[in-house]
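Biologist: Before we discuss the fold, could you show me the model and settle the vocabulary that we are going to use?

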Amino acid sequence: MALVKYILEDNSEVTIEAHVGQNLMQIAIENDVEGIEGACGGSCMCATCHVKVESVNGVELEERSELELEVLEMEIDEVATNSRLGCQIEINKEIESITVRIESIQSI
Ligand code: FES
């Protein structure tokens with residue numbers, strides 16, 4: 001179990017208890033968190049699950065894969081060092097809490 005805090009585009013916050021094995025896109029969709037669309041279903045192809053990771057407690061996140069970085073660079077104007085695809089961040093046993101800011105893009 002980990003706490004996932006989403007900071008929405010209007011700066012309001014939503015905190016959700018998440019289970020090991022869920023990714024940040026799925027958690028947002030299941031809990032009607034605004035701004036995460038997940039258009040490709042988590043296949044690392046659309047970037048409509050874009051978030052910026054503000055903090056993580058418990059463990060360092062793994063680096064972005066080459067494919068994740070490629071998709072971010074194709075779909076996002078300015079890719080920040082903490083830009084991630086929510087579908088590529090899976091809750092594991094080590095993560096105690098994670099805070100991400102939603103910076104969504106719309107699918108066409
Ligand atoms: S849901 Fe499409 S890249 Fe994450």
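Modeller: A helix here is a DSSP run of H or I with at least four residues, a strand is a run of E with at least two, and both are numbered from the N terminus. Residue numbers start from 1 along each chain as its sequence is written. The model is predicted, so that local features need pLDDT of at least 70 and side-chain atom pairs count only at pLDDT 80 or more, whereas totals for chains, interfaces and linings use all residues.

Biologist: In what order do the elements of the protein run from the N terminus on?

Modeller: The protein holds two helices and five strands. Read from the N terminus on, these elements follow one another as β-β-α-β-α-β-β.

Biologist: What is the order of the five strands in the open sheet?

Modeller: Two strands are taken to pair if DSSP finds at least two bridges between them, and the pairing in this open sheet is mixed. E2 and strand E4 (83–85) are its edge strands, since each of them pairs on one side only. Neighbouring strands are turned against each other by 35° on average, direction ignored, where axes are lines fitted to C-alpha atoms (for helices over the stretch in contact) and angles run from 0 to 180 degrees between N-to-C directions. Across the five strands, the order is E2-E1-E5-E3-E4.

Biologist: In the pairing of E1 and E2, which residue of E2 is the bridge partner of Leu 3?

Modeller: Strand E1, residues 2–7, and strand E2, residues 13–18, run antiparallel and are paired over six bridges. Within that ladder, Leu 3 has as its partner in E2 the residue Glu 17.

Biologist: Which residue in the hairpin of E1 and E2 takes a positive phi?

Modeller: Five residues lie between the two strands of this hairpin. The residue in question sits in the loop between E1 and E2, and its phi is near 75°, a positive value in a residue other than glycine. It counts as exposed because it has 7 C-beta neighbours inside 10 Å, given that a residue is exposed with 12 or fewer other C-beta atoms within 10 Å of its own, buried with 20 or more, and partly exposed in between, all C-beta atoms being placed from the backbone. The residue is Asn 11.

Biologist: Is Ala 47 buried or exposed?

Modeller: Ala 47 belongs to the loop between H1 and E3, and its phi, near 70°, is again positive in a residue other than glycine. Because 24 other C-beta atoms lie within 10 Å, Ala 47 is buried.

Biologist: Which residues is Glu 13 in contact with, leaving aside its neighbours within four places in sequence?

Modeller: Glu 13 lies in strand E2 and counts as exposed, because it has 10 C-beta neighbours inside 10 Å. From C-alpha to C-alpha, Glu 13 and Thr 99 are 9.6 Å apart, although 86 residues separate them in sequence. With contact meaning that the C-beta atoms of two residues, placed from the backbone, lie within 7 Å, the partners of Glu 13 are Lys 5, Tyr 6 and Ile 7.

Biologist: Which element gives the largest share of the largest nonpolar core?

Modeller: Such a core is a set of buried Ala, Val, Leu, Ile, Met, Phe, Trp, Tyr and Cys residues joined through C-beta atoms within 7 Å, and the largest one has 22 residues, with Ala 2, Val 4, Leu 24, Met 25, Ala 28, Cys 49 and Val 100 having the most contacts inside it. E1, helix H1 (24–30) and E5 are the elements that give two or more residues to it. The largest share, four residues, comes from H1.

Biologist: Which residues does Val 100 touch, not counting those up to four places away in sequence?

Modeller: Val 100 is part of strand E5, and it counts as buried because it has 23 C-beta neighbours inside 10 Å. E5, residues 97–102, is joined by six bridges to the antiparallel strand E3, residues 50–57. The residues that Val 100 touches are Tyr 6, Leu 24, Val 51, Lys 52, Val 53 and Glu 54.

Biologist: What radius of gyration does the protein have?

Modeller: The C-alpha trace spans about 35 × 30 × 20 Å along its principal axes. The radius is taken over C-alpha atoms, and the globule rule is 2.2 Å times the number of residues to the power 0.38. For 108 residues a compact globule would come near 13 Å, which agrees with the value for the protein, 12 Å.
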